[in-house]
2 protein chains.
Amino acid sequence: MSDARSIGVFDSGVGGLTVLRALRAALPGESTVYLGDTARVPYGTRSAQTVITYAKNNARTLVAHSDVKALVVACNTVSAVALDALRETVAVPVVGVIEPGARAALLASSTTATIAVLGTQGTVRSGAYARTLAALGHTGTTAAVACPLLVPLAEEGWTSGTVPELVVDRYLSELPARVDVVILGCTHYPLLQDVICARLAAARPGSVVVDGAAATARAVAEIVTPAPAAAAGAHRILVTDAPQQMATLGPAFLGAPVNMNAVELVDVLMTA
Amino acid sequence: MSDARSIGVFDSGVGGLTVLRALRAALPGESTVYLGDTARVPYGTRSAQTVITYAKNNARTLVAHSDVKALVVACNTVSAVALDALRETVAVPVVGVIEPGARAALLASSTTATIAVLGTQGTVRSGAYARTLAALGHTGTTAAVACPLLVPLAEEGWTSGTVPELVVDRYLSELPARVDVVILGCTHYPLLQDVICARLAAARPGSVVVDGAAATARAVAEIVTPAPAAAAGAHRILVTDAPQQMATLGPAFLGAPVNMNAVELVDVLMTA
């Protein structure tokens, strides 16, 4: 049995392209439709209620533009607060990035490990990683640090040198004295992975960095009926504003050129 | 003749409180109603069309909540692209921050001076300062540098030390070799004025820094019928999301405590 429908992916903006990249790598035959809500990015500083409203808008917009077989929430802030609301909004399976990230952190350590997450203010405030880890049997210490400057650094491409090192150092200084795993709890942070790993090795030697993108792709692979054998995936990108940002910012996040012929400007459906 | 109605002020978020601060200082008897579109901030990376739509939404929302006698656009990005549209949207005088800022720059120099503006991507892309300066008789060189990291630095309160110095240095390095005036073309930047002035003195000695907030307040004073003599201004603040940010971020921008009893969460009117 096969299913040629696309996998739908949405994010507040361009950051979720790091998750799309992992999805395309893990599932090369699958078609994808990505929606970036670039008219209202970022979500990390918004209230939970507003994030839920925007997430439902996005899900409805994506479903209106494409017949998808699953919906991947490629945004930690949305995954932290809106998965239940999204499961009531669309009729297809919904996969977020937090549970796969938490599973990956446990796989890299143990149920008694000290696990810290770096994320947006919204993700940190939600406590979603600690709650999910506990539900998966984790009994160790957890910590969460909001890192607001990492998103603009990643978007500016300022990912090496003294400034990102000092910024990362300041955020890492808020971690517990001993940490086993640090989860990159925002889709922008993989662009800063080198500097985060290097500074973490100095600040908290022996800890490992986990990014949930690959684990999310595996979670999606487990639940979707695959595309027909030998299918070549087709890929669309929808944005709610400023499509040209996909040409300038997109490649660093996608790890590949963005086909601008496949980028469409759409109106977001405001019905919540 | 007097007019007890409020002066309406709107901004994409909290940044415009630096303009509100100047307005309150210049016009202590006037009442004000400030709207911060915190559900959709920031505007600096949005397309001009989206900024115009949001600006019209905000103007209609403000007018729906208060009978205002003038509308002050306390956001450079909006002032750069949306003043004409706003003048068609509301029946009261509309004052932006760019013409007052440009006048202040000319007053601080001459019509042949080299004048540079630091601003958001949207403000820089619009060319609004250069166009306005030319209309005011300026014939010298102009330059504009987008400084995306200054907004998150200001909002994080990271306004002194090595990181803001290095970030400011990088942006100042994009200025022409000789500059007479640097305009702070974003309402967040006054929070970084000390570091900008200090690094500019090193990078481009002899140049002066101009912030348009006080000049905007003077421009408003010239066009509004004043409040009754001996009136004590009353002040309301409306936000479209996350009112508690006014308590955490507001005071640094307003230069005074924010009366949270006067802060109201409102729905933005989406009719464009």
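This passage describes how chain A and chain B meet in a predicted model.

The contact draws on both chains. Chain A contributes 26 residues and chain B contributes 25 residues. Together the two chains bury about 2,200 Å² between them. Carbon and sulfur atoms give 55% of that area. Three residues stand out on the side of chain A. Leu149(A), Glu156(A) and Trp158(A) supply 24% of the area that chain A buries against chain B. No other three residues supply more.

Polar and charged groups also link the chains. Two salt bridges are found across the interface of chain A and chain B. One of them joins Arg170(B) to Glu156(A). The closest N and O atoms of this pair are 3.1 Å apart. That distance satisfies the rule, because a salt bridge requires the nitrogen and the carboxyl oxygen to lie within 4 Å. Glu156(A) therefore appears twice in this account: in the salt bridge with Arg170(B), and among the three residues that lead the buried area of chain A. Polar contacts across the interface of chain A and chain B number 18 residue pairs, counted where both residues have pLDDT 80 or more.

Several helices of chain A build the side that touches chain B. Helices α2 (48-65), α8 (150-156) and α9 (162-172) each supply at least two residues. The most comes from α9(A), with six residues. By residue type, this side of chain A divides into 15 nonpolar, six polar and five charged residues.

The two chains are related by symmetry. A turn of 180° and a shift of 0.0 Å along the axis lay chain A on chain B with an RMSD of 0.0 Å. This is the relation of a two-fold axis. Within chain A, the residue closest to the rotation axis is Arg40(A), whose C-alpha lies at 2.6 Å. The contact surfaces also correspond. Of the interface residues of chain A, 96% are interface residues in chain B too, so the copies meet through the same surface.

Aromatic rings were examined as well. Over all chains, the structure holds two aromatic pairs. In the pair of Tyr43(A) and Tyr54(A), the ring centres are 5.5 Å apart and the planes stand at 55°, so the pair is tilted. Tyr43(A) sits in the loop between β2 (32-36) and α2 of chain A, whereas Tyr54(A) belongs to helix α2 of chain A. The pair therefore ties together parts that are eleven residues apart in sequence.

Methods: Residues numbered from 1 in each chain as written. Chains lettered and ligands numbered in written order. Predicted model: local features only at pLDDT ≥ 70, side-chain atom pairs only at ≥ 80, totals over all residues. Heavy atoms only, no water. Contact = heavy atoms within 4.5 Å. Buried area = accessible area lost by both parts, 1.4 Å probe. Salt bridge = Lys/Arg side-chain N within 4 Å of Asp/Glu carboxyl O. Polar contact = N/O pair within 3.5 Å; in protein donor to acceptor, adjacent residues only side chain to side chain. Helix = DSSP H or I, 4+ residues; strand = E, 2+ residues; numbered from the N terminus. Nonpolar A, V, L, I, M, F, W, Y, C, P; charged D, E, K, R; others polar. Least-squares fit on C-alpha atoms with pLDDT ≥ 70 in both. Phe/Tyr/Trp six-rings, centres within 6.5 Å; stacked < 30°, edge-to-face > 60°.
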